[in-house]
Amino acid sequence: MEIWEILADKDASAVLLHAHECAHFCQSMRSPIDLISALPPAGSTTRWSARKKAAVVVAVQSGTLARSQAYDRYMLSAAELSRWEEAFGQDGIAGLQAKRRLSRT
């Protein structure tokens, strides 16, 4: 399964795509991958799904999208993008899923 198919496939929730696998995958490709087409449009994201976050992380880590462009395009802070990269590196797309915060009573 190609990387853009994984990012676009809503039924592929069991597939974990790790950062090191992405880097290896991108380096092993003979033709460049159009990661820009997998990115959400600038300013259109009101809710960040795990797949949208993964698309941004993969684009930044592959050099397709500069960090500064990601900050500006999606109004992200450096800390937020770093958290996404860390979560993606540890658990793939599953690590980017929103988690319900438990309140202590």
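Which residues form one aromatic cluster? In this predicted model, the cluster consists of W48, Y74 and W84. The structure holds 2 aromatic pairs. In one of them, the rings of W48 and Y74 have centres 5.3 Å apart and planes at 80°, so the pair is edge-to-face; planes over 60 degrees apart are assigned to that class. W48 is located in the loop between α2 (19–28) and α3 (50–62), whereas Y74 belongs to helix α4 (residues 67–74), so the pair ties together parts that are 26 residues apart in sequence. Both W48 and Y74 are buried.

The third member of the cluster, W84, also has a prominent place in the nonpolar interior. The largest nonpolar core comprises 21 residues, of which V56, L81 and W84 touch the most other members. At least two residues of this core are supplied by each of α3, α4 and α5, and α3 gives the most, with 8 residues. In soluble globular proteins, nonpolar side chains tend to be buried together. When residues up to four places away in sequence are not counted, the contacts of L81 are V56, V57, V60, R67, A70, Y71 and L76.

Helix α5 (78–91) was examined in further detail. This helix has 14 residues and reaches 20 Å from its first C-alpha to its last, close to the 20 Å expected at 1.5 Å a residue. Its buried residues are L81, W84, E85, A87 and F88. Seen down the axis of α5, these buried residues fall within an arc of 165°, so they line one face of the helix. R83 and Q90, on the other side of α5, are exposed.

Backbone features on either side of this helix were also considered. M75 lies in the loop between α4 and α5, and its phi is near 55°, a positive value in a residue other than glycine. With a relative accessibility of 71%, M75 counts as exposed, because the threshold for this class is over 50%. Following α5 is G92, whose phi is likewise positive, near 65°.

The segment after α5 also contains A94. This residue has a relative accessible area of 29% and is therefore partly exposed. A94 and A54 are 40 residues apart in sequence, while their C-alpha atoms are 9.7 Å apart in space.

Definitions and conventions
Residues are numbered from 1 along each chain as its sequence is written. This is a predicted model: local features need pLDDT of at least 70, side-chain atom pairs count only at pLDDT 80 or more; totals for chains, interfaces and linings use all residues. Side-chain values use heavy atoms; hydrogens and water are left out. Rings of Phe, Tyr and Trp (its six-membered ring) pair if their centres lie within 6.5 Å; planes under 30 degrees apart count as stacked, over 60 as edge-to-face and the rest as tilted. Helices (H or I, at least four residues) and strands (E, at least two) are DSSP runs, numbered from the N terminus. Buried means under 20% relative accessible area, exposed over 50%, partly exposed in between (1.4 Å probe, protein chains only). A nonpolar core is a set of buried Ala, Val, Leu, Ile, Met, Phe, Trp, Tyr and Cys residues joined through side-chain atoms within 4.5 Å. Contact means heavy atoms within 4.5 Å. The expected span of a helix is 1.5 Å times one less than its number of residues. The arc is that of the directions from the helix axis to the C-beta atoms.
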